[in-house]
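I opened this notebook to record how the ligand is held and how the sheet is arranged. The entries follow the order in which I looked things up.

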Amino acid sequence: MIVVTGATGNVGGELVRTLTSAGERVVAVSRHPAPLPDGVPHHVADLADPESLRPALDGADALFLLVAGDDPEGILSAAKESGVRRVTLLSSLGVGTRPDAYRHAESFENAVRGSGLDWTILRSGGLNSNAYAWAASIRADRTAAAPFGAVGLPMVDPADVAEVAAAALREEGHGGRTYELTGPSLVTPRDRAVAIGAALGTPVRFVEQTRDEARAQMLAFMPEPVVEGTLAILGEPLPAEQRVSPDVERVLGRTPRPFTDWAARMVGAFR
Ligand SMILES: NC(=O)c1ccc[n+]([C@@H]2O[C@H](COP(=O)([O-])OP(=O)(O)OC[C@H]3O[C@@H](n4cnc5c(N)ncnc54)[C@H](OP(=O)(O)O)[C@@H]3O)[C@@H](O)[C@H]2O)c1
């Protein structure tokens, strides 16, 4: 049995679907219940309180773990004591490229590596689903605002991250590996607005934000060091942040899905 934390999110939701379609027994964990595929039990638990996870972990073989809370060692001890043998952590590319801004995720990576469990770390690039931030404005007046409209990053499809996670959780051969997960090519914010417009069949107007406008918006839901790190990645990406990684293809045996594919699948959110 596999416990999926963050099971109602963009990556976790795809992972629950992928695992259940493959016939796995899955227990879904998040702080708030939300619709799940038929037959998937849900446990309310908060990663900030490792004890709250114990009922979900009972009888589990594997754990898909998000970076949340401040006690990764406590989460991993609870998992080990419950008989979990394998853990896959969803981390960020930024741990390798912007260590100062990603200390929190780094502390989870260190705990996972030192856990004694069979571990795999997934360092994800920016998720295509970040474009949901535009859903309200695209629905309202067909506009999408972002800074650094001409700077491309190899954004990744949450469904590809989920498929790699499913492989790491179910198959041998991924233990002790840290995978970098990106999409197949660089896409700029302007490209993303165009792709959503194409999926809608009506153009989306891109509005270039200043750095300060973007910072003010991000500070509403991200801590300050993460905002500065994110702005640096979006505006002045390092070569390592623009590199298309071969890891999705290595694990899945196919190229990662392009942003246009995500936009076509998720177009309903922008109508
Ligand atoms: N967005 C990016 O570009 C990006 C890039 C690299 C890595 N990542 C990593 O990927 C992760 C998943 O992204 P996503 O888009 O799938 O996230 P999401 O859609 O926001 O979903 C987050 C999920 O985690 C649950 N959750 C959040 N805090 C929790 C807690 N303290 N205890 C238990 N469950 C908790 C949420 O449900 P409840 O709110 O109900 O608990 C939800 O199910 C992010 O958290 C981030 O660490 C993201």
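I began with the polar contacts of the ligand, taking pairs of N or O atoms within 3.5 Å. A side-chain N or O atom of Asn10 is 2.9 Å from an oxygen atom of the ligand. For His32, I found a polar side-chain atom 2.7 Å from a ligand oxygen. Leu127 takes part through its backbone, with an N or O atom 2.9 Å from an oxygen of the ligand. Of the 900 Å² of accessible area that the ligand has on its own (Shrake-Rupley method, 1.4 Å probe), the protein covers 75%.

I noted the basis of these values: the model is predicted, local features need pLDDT of at least 70, side-chain atom pairs count only at pLDDT 80 or more, and totals for chains, interfaces and linings use all residues. Residues are numbered from 1 along each chain as its sequence is written, and side-chain values use heavy atoms, with hydrogens and water left out.

Next I listed the shell, counting a residue if one of its heavy atoms lies within 4 Å of the ligand. It holds 22 residues, the closest being Thr8, Arg31, His32, Leu47 and Asn130. I sorted the shell into 8 nonpolar, 12 polar and 2 charged residues, with Gly placed among the polar ones. Strand β5 (86–92) and helix α1 (10–21) each supply at least two shell residues; the largest share, 3 residues, is that of β5. Helices (H or I, at least four residues) and strands (E, at least two) are DSSP runs, numbered from the N terminus.

I then traced the sheet, where pairing requires at least two DSSP bridges. Its 7 strands are parallel and form an open sheet ordered β3-β2-β1-β4-β5-β6-β8. The edges are β3 (42–44) and β8 (177–181), each paired on one side only. I recorded 3 bridges between β2 (residues 26–30) and β3, and His42 of β3 is the bridge partner of Ala28.

How values were computed
Polar contact = N/O pair within 3.5 Å; in protein donor to acceptor, adjacent residues only side chain to side chain.
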